[in-house]
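Please open the structure in a viewer and keep the sequence panel visible. The tour below proceeds by selection, one stop at a time.

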Amino acid sequence: ADEIRRLRDKGVIGIFNGGDANCWGLNGPVFYVMGKTIGDPDLNENELVNEYCHGVYGEAGEQMVDFFEHLYRGPARRNKLLPDAPHGESLRARFPPRLISDLEDLLKKAESVGVSGHAAHNLRMTRIALDFLQLTTHMWLAYETFQVAPTPASLADLRKRVDAFEDFRHMILHMDPDDARRRFP
């Protein structure tokens with residue numbers, strides 16, 4: 001919202017926003033706030049995030065407000081992608097293990113509310129995005145550990161992390177297309 005207001009104040013009349021690998025699961029509030037503030041830059045972004053979370057996650061809306069406030073308060077908000085770094089290194093810098101662990105706890109609270117219908121599907125979409133970050137970050141950390149200490153134990157841990165990521169990737173690639181379209185139109 002601050003960036004949209006800065007652009008307005010500089011007289012910008014149009015922008016192009018490229019996509020992001022995590023899409024709506026973790027960036028939904030950003031897309032929502034951006035779309036709404038382009039129409040009215042003076043809207044309050046905190047109220048918009050609250051509106052988004054309650055509209056998208058239903059009864060779990062308050063827990064998801066906490067989730068996104070924690071996400072956007074941390075390094076994910078301050079850090080930009082590292083231009084010359086491998087993707088895994090950029091993810092680790094933006095989503096350090098402590099942040100991922102906190103987000104995991106907050107998402108579990110939202111999931112425990114027991115929502116159904118679209119709210120449940122939207123929680124699942126956020127779960128998939130967080131699982132991707134968690135698996136990628138853990139895999140990257142195991143790779144760095146192996147580089148520093150190439151022991152049989154660190155190699156075994158790296159293999160375990162790569163296998164977990166591959167299992168996740170296989171699950172995504174083999175989702176029932178009709179189910180995926182129904183859940184995530």
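The stops run from the whole chain to its core, then to one helix and to several single residues.

**Whole chain**

Begin with the complete protein chain, bearing in mind that this is a predicted model. Colour by secondary structure: the chain holds 10 helices and zero strands, and its order along the sequence reads α-α-α-α-α-α-α-α-α-α. Next, colour by accessibility; of the 185 residues, 35% are buried. A surface representation covers about 11000 Å² of accessible area, with carbon and sulfur atoms contributing 56% of it. If contacts are drawn for pairs with a separation of 6 or more, 62% of them join residues 24 or more positions apart.

**The largest nonpolar core**

Which residues of the largest nonpolar core touch the most other members? Select C53, Y57, M64, F67, F68 and L123: within this core of 29 residues, these touch the most other members. Then display the helices around them. At least two core residues come from each of helix 2 (23-39), helix 3 (45-57), helix 4 (61-73), helix 7 (97-111) and helix 8 (117-148). As general background, nonpolar side chains in soluble globular proteins tend to be buried together.

Centre the view on M64. Setting aside residues up to four places away in sequence, M64 touches C53, Y57, L107, A110, L123 and T126.

**Helix 4**

Isolate helix 4, which has 13 residues. From its first C-alpha to its last, helix 4 reaches 18 Å, close to the 18 Å expected at 1.5 Å a residue. Within helix 4, highlight the buried residues G61, M64, V65, F67, F68, L71 and Y72. Now turn the view to look down the axis of helix 4: the buried residues fall within an arc of 165°, so they line one face of the helix. A general point on geometry applies here: an α-helix has 3.6 residues a turn, so residues three or four places apart point the same way.

**Two stops in helix 2**

Select N27, which is in helix 2. Is N27 buried or exposed? The relative accessible area of N27 is 13%, and a residue counts as buried under 20%, so N27 is buried. Add F68 to the selection and draw a C-alpha to C-alpha distance: N27 and F68 are 41 residues apart along the chain, with 9.0 Å between these atoms.

Move to V30, also found in helix 2. V30 has a relative accessibility of 38% and counts as partly exposed. A second distance can be drawn from V30 to E45; the two are 15 residues apart in sequence, and their C-alpha atoms are 9.3 Å apart.

**Helix 6 and helix 8**

Select S90 in helix 6 (residues 87-94). S90 is buried, at 3% relative accessibility. Extend the selection to T137, which is 47 residues from S90 in sequence and 9.5 Å away in space, C-alpha to C-alpha.

Finish at T136, which lies in helix 8. T136 is buried, at 7% relative accessibility. What does the side chain of T136 reach? Display backbone atoms to find the oxygen of F132, which the T136 side chain reaches at 2.8 Å. For the last selection, add L91 and F165: T136 is in contact with both, leaving aside its neighbours within four places in sequence.

Key. Residues numbered from 1 in each chain as written. Predicted model: local features only at pLDDT ≥ 70, side-chain atom pairs only at ≥ 80, totals over all residues. Heavy atoms only, no water. Core = buried A, V, L, I, M, F, W, Y, C linked by side-chain atoms within 4.5 Å. Buried < 20%, exposed > 50% of the residue type's maximum accessible area, 1.4 Å probe, protein only. Helix = DSSP H or I, 4+ residues; strand = E, 2+ residues; numbered from the N terminus. Contact = heavy atoms within 4.5 Å. Expected span 1.5 Å × (residues − 1). Arc of directions from axis to C-beta. Areas by Shrake-Rupley, 256 points an atom, 1.4 Å probe, with all protein chains shown as cover. Polar contact = N/O pair within 3.5 Å; in protein donor to acceptor, adjacent residues only side chain to side chain.
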